[in-house]
Amino acid sequence: MDFQSLQSACLQALSTTLPGAMQAIVVGRFSTRSADLLASLESVYGSAFENQHDFQRWVEQLCVRLSDTIGQRSPDLIALDLKRQQHPDWFCDEHMLAYCAYVDRFGGDLQGVMKRIPHLKEMGVTYLHLLPFLKARAGENDGGFAVSAFDEIEPTLGTMQDLTQLTLALRHAGISLCSDFILNHVADDHPWAVAAKAGDKRYQDYFYHFADRELPDQYEANLGQVFPEVAPGNFTYNDAMQSWVWTTFYPYQWDLNYRNPAVFADMVIAMLELANRGVEVFRLDSTAFLWKRLGTNCMNQPETHTLLRAMRHLIDIAAPGVLLKAEAIVPTADLPAYLGSADGAQAECHLAYHSTLMASGWLSITEQNTSLMQEVIRATPPLPPHTSWLTYVRCHDDIGWNVLRPEASLSAQDVQSRLAAVGRFFAGEGTSFARGASFQTNDPAAVHGSVGMAAALAGCDSLSSADQTPALHRMLLLYGLSLCFGGMPFIYMGDELAQENDVDYRDIPSQALDSRWLHRPHWSEALYEQRLLPQTNAGVMFAGLTKLLTARRTLPQLAAHQPRRLLSAAPPETLAFVRGDDDHPVIFIGNFSEHACTVATEVLLPPSLRMHDWQDLLSQQMCSDQMTIAPWSQCWLVPSNVTHRAITS
C-alpha cells in the first residue's frame, strides 16, 4: 500500500472544512498518529475491499466525516482539548474521584442530576459516570444497555439539549461526564436492525446472521454464556430474516459485525457526536467481545485490540480531551492489553476496570486471608504512560468470581469449590453475615456470581438491632483499598450512605428475572439527610468515607503512576503495601479479619523504610514497634517527619 499517498489524501480530507487555526492543529495531531492508524485500519479492513483504491476511498470518507465532527466542536471543548493535550496525566492524580449512578435512580432525569451536583462537590467528585441514558429498547432493555439510538436520549430522562446543559454545568463544577457507549451490540429495534429485518442487505451486513445452525453450533462449542439462566445460548432465530442472529447477551441485543468497515466508521462517528455534546469519558461496554473467530471463545481477540487502537487514534485527532474506558471484565493477565503496550507506543484505552482486585477484596473478607489478593497484586503490571486503573468496591453489575481462577489455581485448594463457596457466602447461606443473592445460574455446583449493595454484602441489616459497626468497617476497609491501590477510585451511588438492597424489583416484570436490580436502588433522601448524624449507619459511613477521601487528597504518593510494592511479611489476614518512594512513602495496612492482629514493624518493613518514625494519618497516632490493628480496620502510615495536613474526624 502507498501509505504516503493515503496520508496525503487523508490530510486533504481532514483540512477541507476546517478554519486555518484548527487545520494546523488537526494536521499536527493526524501526522503523529497516521502511521499506526492507517496500518491498523489496513490490517483489519484492507481485505474487506475488492481493491486498494476502494479501501483508500473508504478511509478518505472516514476522514471527511471526522473533519465534520471536529468542525462542530464548541470553542470551550476545543480549549479543553488543548489544555489536556498539555497535561496528558490529568486524570491520574490523587484528586481524581469517580461516582457512578443511574440517571433515573439518582436524579429522576438529566435535569434532576444537575440538582445533585452539590452532593458530588461535597465529596470531591471529579468524574460522574451516568449509566445508560441513550434511547433504549421498548420493554426489556438490560437496564438501558440495549440501545435503540445513539443520537437520542431516553425520553423519560430528557433530551439532547438537557444533556448539553448537564455537561456544561458539570464542567463548571470541575466534573467530567462519563457515558456508556455500547460497542458490541444494538437493540433489535435500532434503525440498523429494523432495516435488516426489512430485507436491506446493507444493514443485514451490520450483523452476524446465519441461514442454518451449522456455523452457530460450531461457534457454540467454544463460547461461554453470559446469562445462562434467562438467556441461554449465543444465537437467536429471527423470523423476519429467517436467520440465526448472534446475540451474546440477550436475544434482543444484536452483536455488531466489526468485519464490516461501515460498522466501525458509524460507531466512531456516533461516539464523537456525543463528545460534541460534552461527554468527556466513554465507558466502552463489552469490549472483549468485538471480534469473532471460529474455534475460540471470541473474547480478547487480536483484532479487538487493533480496533481499539484505531478508535483511540481517531479520538485523539478529533477530541483529545476525551477518555476511553475499557469495560473488559477479564482475568488479570488479559487486562493490561486494553491499556496498550507497556511503553505507551501503542495506546488503546486510558482506563480499565481492575475487576480482579475488586473480587479478591471481597473474597479476602470471606476467607479472612489475603493470600489470593496478594497474588492478584503481584500479577498487576505497572501502568503504561498516561493510563490508570479504575478501582472500585461495587458497581451496577454482578461480582463474577471466575475472573479469579488463574490466581486461585496457584493454591492447593480446589478452585471450583473455593469460588462456589464464596458465591454461597455472599448469598447469605449458612452463618454468613452477607445479605446478597446469587446471579444467573440454577446449577448448585456452579460458581454463582454475587449481587447486592456493598452495605448488604458487608453485613449491614437495617432490620437488626445488632451493632452494625463491623459491617461498616468492612465497607470502609474495601474503600480504603480502592483509594490507596493506585488508580481512579469510584463510589457507587448509595455506598456513601450505607444504602442497602432494593427488593422491590421483584414486583416489576421487566426486572424480576434479573437479580442485579437488587443493587440498583433509588436515591434515598432520608439517608442523605442522615449523613451528618453520627448515630446512624449513613452518618458513620459518610463520616468514615469522607475522612478517607480527605486523606487521599493530601497524598501525591497515591496517584496512579506512583510505584507500589507488597510487604509480604505481613500476617496472612492482613494486606500491606507501600506507595511512593523510600523517602516519601505511604503504607496501607488492612486487617481483613474479625480478630485484632499485631504487626511488628521490625519484621514488616524492609531496611530501607526502618529509618522513619511512623504515624497513622487516619488516627493521628504515632506507631510503636508492635502495632495492633482492630478487626476490619486499616492504617495509612506516613513518616512523622513529613508534614501532612491534619485529617479530622
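**Figure 1. The second largest pocket of this predicted model holds about 550 Å³ of space.** Its lining has 24 residues, and those closest to the centre are His-473, Asp-616, Leu-618, Ser-633 and Gln-634. Five elements give two or more residues to the lining: α19, α21 (537–552), β23 (621–622), β24 (626–629) and β25 (634–639). The largest share, 5 residues, comes from α21. By class, the lining of this second largest pocket divides into 13 nonpolar, 9 polar and 2 charged residues.

**Figure 2. The largest cavity has a volume of about 70 Å³.** The whole structure has 4 cavities of 30 Å³ or more. Lining the largest cavity are Leu-357, Met-358, Gly-361, Trp-362, Tyr-392, Val-393, Leu-478, Leu-481 and Ser-482. Helices α14 (355–367) and α19 each supply at least two of the lining residues. The largest share is that of α14, with 4 residues. The lining of the largest cavity counts 7 nonpolar and 2 polar residues, and no charged ones.

**Figure 3. The largest nonpolar core takes in 205 residues.** Touching the most other members are Tyr-99, Tyr-258, Phe-264, Trp-362, Trp-401 and Trp-636. Helix α19 (residues 469–485) gives the most to this core, with 11 residues. A second, separate core has 16 residues, including Leu-567, Val-578, Ile-629 and Cys-635. In soluble globular proteins, nonpolar side chains tend to be buried together.

**Figure 4. Phe-264 is among the residues that touch the most other members of the largest nonpolar core.** Beyond its neighbours within four places in sequence, Phe-264 contacts Leu-41, Tyr-45, Trp-58 and Leu-62. Its contacts also include Tyr-258, Leu-307, Ala-310, Met-311 and Leu-314. Tyr-258 is itself listed among the core residues that touch the most other members.

**Figure 5. Tyr-208 is in the loop between α10 (201–204) and β7 (209–210).** Tyr-208 counts as buried because its relative accessible area is 7%, under the 20% limit. Not counting residues up to four places away in sequence, Tyr-208 touches Trp-244, Val-245 and Trp-246. It also touches Asp-255, Leu-256, Asn-257, Tyr-258, Arg-259 and Lys-292. The C-alpha atoms of Tyr-208 and Trp-254 are separated by 8.2 Å, and the two residues are 46 residues apart along the chain.

**Figure 6. Thr-69 is found in helix α3 (residues 52–71).** Its relative accessibility is 4%, so Thr-69 counts as buried. Leaving aside neighbours within four places in sequence, Thr-69 is in contact with Ile-269, Leu-272, Glu-273, Asn-276 and Ala-318.

**Figure 7. A search of the whole structure finds 0 disulfides.** A disulfide needs two cysteine sulfur atoms within 2.5 Å. For Cys-92, the closest cysteine sulfur is that of Cys-349, 14 Å away, and therefore too far for a bond. Cys-349 is in no disulfide either, and the nearest cysteine sulfur to its own, that of Cys-178, is 11 Å away. Both cysteines are buried: Cys-92 has 5% relative accessibility, and Cys-349 has 0%.

Note on methods
Residues numbered from 1 in each chain as written. Predicted model: local features only at pLDDT ≥ 70, side-chain atom pairs only at ≥ 80, totals over all residues. Heavy atoms only, no water. Buried < 20%, exposed > 50% of the residue type's maximum accessible area, 1.4 Å probe, protein only. Core = buried A, V, L, I, M, F, W, Y, C linked by side-chain atoms within 4.5 Å. Contact = heavy atoms within 4.5 Å. 1 Å grid on protein atoms, 1.4 Å probe; cavity = no way out; pocket = protein on both sides within 12 Å on 5 of 7 lines; lining within 4 Å. Points joined across faces, edges and corners; volume = space filled by probe spheres on them. Nonpolar A, V, L, I, M, F, W, Y, C, P; charged D, E, K, R; others polar.
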